[in-house]
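Colleague: I am new to this structure and would like to go through it step by step. Could we take it as questions and answers?

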Amino acid sequence: MSFNFRKYYRMETSLHGLLYASFETLEPLGDVHVTDLSLTGIGFESERCALGVGDIVVVRFLLDDEDQSPLEKEIEITSVRGSKVGAVFRDTSGFDTVLGRYILP
């Protein structure tokens with residue numbers, strides 16, 4: 001048995017995304033498969049991107065909501081377990097209403 005003591009609800013997803021070195025970069029570092037989202041972070045799988053804890057990159061993907069809402073977030077890698085990567089959003093400008101509508105039940 002395991003318990004999840006996360007501060008925010010985490011929603012399982014299956015979304016395709018791309019990683020970039022920065023907001024200005026046009027050439028992606030590689031593809032990712034977004035496996036879960038919360039208001040403060042993201043989980044994804046990446047086979048070909050060499051990422052380490054503390055790395056800062058940009059992830060871009062479309063939500064599978066009615067509007068196919070685009071999300072672009074700067075993230076900081078917090079864990080790497082094989083191809084599974086966990087990261088926190090670095091945007092501290094406030095509540096993301098698009099992400100909030102998507103995640104919150």
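What follows is an exchange on the fold, the strand pairing, the core and one loop residue of this predicted model.

Colleague: How many helices and strands are there in the chain, and what pattern does the chain follow along the sequence?

Modeller: The chain contains one helix and six strands. Read along the sequence, they give the pattern β-β-β-β-β-β-α.

Colleague: Is the chain as compact as a globular protein of that length, or less so, and what is its radius of gyration?

Modeller: For 105 residues the globule rule gives 13 Å, and the chain comes close to that, so it is as compact as a globular protein of that length. Along the principal axes, its C-alpha atoms fill a box of roughly 35 × 35 × 25 Å. The radius of gyration is 13 Å.

Colleague: In what order do the strands run in the closed barrel?

Modeller: The barrel has six strands with antiparallel pairing. From one strand to the next, the twist averages 45 degrees. The order is E1-E2-E3-E6-E5-E4.

Colleague: Which strands does E1 pair with, and over how many bridges?

Modeller: E1 pairs with E2 in the antiparallel sense over seven bridges. E1 and E4 also run antiparallel, and their bridges number four. The partners are therefore E2, with seven bridges, and E4, with four.

Colleague: What are the bridge partners of Leu19 in E2 and E4?

Modeller: In E4, Leu19 is matched with Val59. Val59 in turn has Lys73 as its bridge partner in E5, and E4 and E5 pair antiparallel over seven bridges. On the E2 side, the partner of Leu19 is Gly30. The two names are Gly30 in E2 and Val59 in E4.

Colleague: How many residues does the hairpin from E2 to E3 pass through?

Modeller: E2 and E3 run antiparallel and are joined by four bridges. One of the pairs is His33 with Glu45 in E3. The hairpin that joins E2 to E3 passes through three residues.

Colleague: Which residues touch the most other members of the largest nonpolar core?

Modeller: This core has 22 residues. Elements that give two or more residues to it include strand E1 (11–20), strand E5 (70–81) and helix H1 (97–103). The residues that touch the most other members are Leu19, Leu37, Ile42, Phe44, Phe61 and Ile75.

Colleague: Leaving aside its neighbours within four places in sequence, which residues is Ile75 in contact with?

Modeller: Among the contacts of Ile75 are Leu19, Ile42 and Phe44, three residues also named with Ile75 for touching the most other core members. The rest of the list is Asp55, Ile56, Val57, Val59, Ala87, Val88, Phe89 and Arg90.

Colleague: What share of the contacts between residues at least 6 apart in sequence joins residues at least 24 apart?

Modeller: The count takes in contacts in the chain between residues at least 6 apart. Of these, the share that joins residues at least 24 apart is 52%.

Colleague: Is Leu26 buried or exposed?

Modeller: Leu26 is found in the loop between E1 and E2. Its relative accessibility is 76%, and the cut-off for exposed is over 50%. Leu26 therefore counts as exposed.

Colleague: What percentage of the residues in the chain is buried?

Modeller: A residue is buried when its relative accessible area is under 20%. The chain has 105 residues, and the buried share is 35%.

Key. Residues are numbered from 1 along each chain as its sequence is written. This is a predicted model: local features need pLDDT of at least 70, side-chain atom pairs count only at pLDDT 80 or more; totals for chains, interfaces and linings use all residues. Side-chain values use heavy atoms; hydrogens and water are left out. A nonpolar core is a set of buried Ala, Val, Leu, Ile, Met, Phe, Trp, Tyr and Cys residues joined through side-chain atoms within 4.5 Å. Buried means under 20% relative accessible area, exposed over 50%, partly exposed in between (1.4 Å probe, protein chains only). Contact means heavy atoms within 4.5 Å. Two strands pair if DSSP finds at least two bridges between them. The radius of gyration is taken over C-alpha atoms; the globule rule is 2.2 Å times the number of residues to the power 0.38. Axes are lines fitted to C-alpha atoms, for helices over the stretch in contact, and angles run from 0 to 180 degrees between N-to-C directions.
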